Amino acid sequence: MSAVCHPPLSLRRGRVHEACGPGAIGFAAATCAAGQGQILWIREGWRAESLNPVGLSAFFDPHRLLLAATANQTETLAVAEEALKDGAIPLVVLEITSALDLREGRRLQLASAAGRTTGLCLIPEGMGSNAAQTRWYCTSLAGTDRADSTPMRWALIKNKSGTLGTWDVRWDHAARRLDMVPPVGERPGSARAPG
C-alpha cells in the first residue's frame with residue numbers, strides 16, 4: 001500500500017509513521033478503523049489523560065484494541081519494538097513524550113520491517129525522528145457545516161517517497177469511513193470568486 005492515497009489512510013505496511021498536532025488522536029483512530037485485526041496502543045501510564053476505548057467506538061470495534069501502560073518512554077519503545085518485530089498485531093500505535101534519536105527511530109523501523117507490521121508514533125510537535133517513513137500534521141478545521149463530524153486537515157509534511165500533500169477530510173460516523181472534503185470554492189452552495 002502506498003503512503004499516499006485518496007483518502008490518505010493506507011500507511012505503508014512494514015514501516016513506522018508519525019502524526020503530530022491537535023488532531024493526531026483522530027488520525028490514529030481513523031488509521032485503526034482502516035485496518036483489520038488487533039491494535040496495540042502503547043502510552044505511558046503516568047500521563048494524566050487516558051484513552052477510553054469506548055470513546056473510539058465511532059471509529060472501530062473497541063474489542064480490537066489492546067492498551068499497554070508503560071512506566072516511561074524507554075519502556076514504551078521496548079514494548080513497541082517487540083510488538084512490531086513479532087508481527088502478530090498488524091498495527092502498533094505508540095504515544096511518545098520526548099524526541100526520538102536516530103538510533104531509536106531506526107530500531108523501530110527495523111522491527112517493523114521484520115514483522116511486516118505498521119507502526120504509528122503520536123509525537124509532540126517538532127520531535128519527529130529522521131527514520132520515520134511519513135510524518136503527518138493533523139488539525140481540525142473551523143466552520144463545520146455538520147454537527148455529526150468535524151472537518152480535519154491532514155498535511156503530509158515528511159515522506160521518504162518524496163510526495164507531500166494536504167487533505168481535508170471528515171469522518172462519516174454512520175458509514176465508519178473517511179470522506180474527502182472538497183476545497184471551499186468547490187463545496188455545494190459555495191459561490192465562486194469573481195474572476
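This note goes through the fold, the sheet, the aromatic pairs and the cavity of a predicted model.

1. Overall make-up. The protein contains three helices and nine strands, and these elements follow one another along the sequence in the pattern β-α-β-β-α-β-α-β-β-β-β-β. Of its 195 residues, 45% count as buried.

2. The sheet. Nine strands form an open sheet with mixed pairing, and their order across the sheet is β3-β2-β4-β5-β1-β6-β7-β8-β9. The edges are taken by β3 and by β9 (177-180), each of which pairs on one side only. From one strand to the next, the twist averages 25°.

3. One strand pair in detail. Within this sheet, strand β4 (residues 91-95) and strand β5 (residues 118-122) are paired in the parallel sense over five bridges. Across this pairing, Leu94 stands opposite Cys121 in β5, and Cys121 comes up again in point 7 as one of the residues that line the largest cavity.

4. The pair Phe27 and Trp154. The structure holds four aromatic pairs, of which two are described here. The ring centres of Phe27 and Trp154 lie 4.7 Å apart with their planes at 75°, and since an angle over 60 degrees counts as edge-to-face, the pair is assigned to that class. Phe27 belongs to helix α1 (residues 24-34) and Trp154 to strand β7 (residues 152-159), so that the contact ties together parts of the protein that are 127 residues apart in sequence. Buried means under 20% relative accessible area, and Phe27, with a relative accessible area of 0%, is therefore buried; Trp154 also has a value of 0% and is likewise buried.

5. The pair Phe59 and Trp171. In this aromatic pair the rings are 4.8 Å apart from centre to centre, with 35° between the planes, and the arrangement is tilted. Phe59 lies in the loop between β2 (39-44) and β3 (65-70), whereas Trp171 lies in strand β8 (residues 165-172), so this pair ties together parts that are 112 residues apart in sequence. Both residues are buried by the cut-off of under 20%: Phe59 has a relative accessible area of 16%, and Trp171 has a relative accessibility of 3%.

6. The aromatic cluster. Phe27 and Trp154, the edge-to-face pair of point 4, are also members of one aromatic cluster, in which they are joined by Trp136 and Trp167.

7. The cavity and its lining. The structure holds one cavity of 30 Å³ or more, and about 40 Å³ of space lies in the largest cavity. The lining of this cavity is made up of Val16, Glu18, Leu100, Gly105, Leu108, Gln109, Cys121, Ser129, Ala131 and Ala132. Two elements, β1 (16-20) and α3 (102-115), each give two or more residues to that lining, and α3 gives the most, with three residues.

8. Character of the lining. Sorted by class, the residues around the largest cavity are six nonpolar, three polar and one charged. Glu counts as charged, and Glu18 is among the lining residues. A reader who follows the lining in the model may start from Cys121, which stands opposite Leu94 of the paired strand β4 and also lines the largest cavity.

Conventions: Residues are numbered from 1 along each chain as its sequence is written. This is a predicted model: local features need pLDDT of at least 70, side-chain atom pairs count only at pLDDT 80 or more; totals for chains, interfaces and linings use all residues. Side-chain values use heavy atoms; hydrogens and water are left out. On a 1 Å grid over the protein atoms alone, a cavity is a set of points where a 1.4 Å probe fits but cannot get out, and a pocket is an open set with protein on both sides within 12 Å along at least five of seven lines; lining residues have an atom within 4 Å of a point. Grid points are joined across faces, edges and corners, and a volume is the space filled by probe spheres set on the points. Helices (H or I, at least four residues) and strands (E, at least two) are DSSP runs, numbered from the N terminus. Rings of Phe, Tyr and Trp (its six-membered ring) pair if their centres lie within 6.5 Å; planes under 30 degrees apart count as stacked, over 60 as edge-to-face and the rest as tilted. Buried means under 20% relative accessible area, exposed over 50%, partly exposed in between (1.4 Å probe, protein chains only). Two strands pair if DSSP finds at least two bridges between them. Axes are lines fitted to C-alpha atoms, for helices over the stretch in contact, and angles run from 0 to 180 degrees between N-to-C directions.
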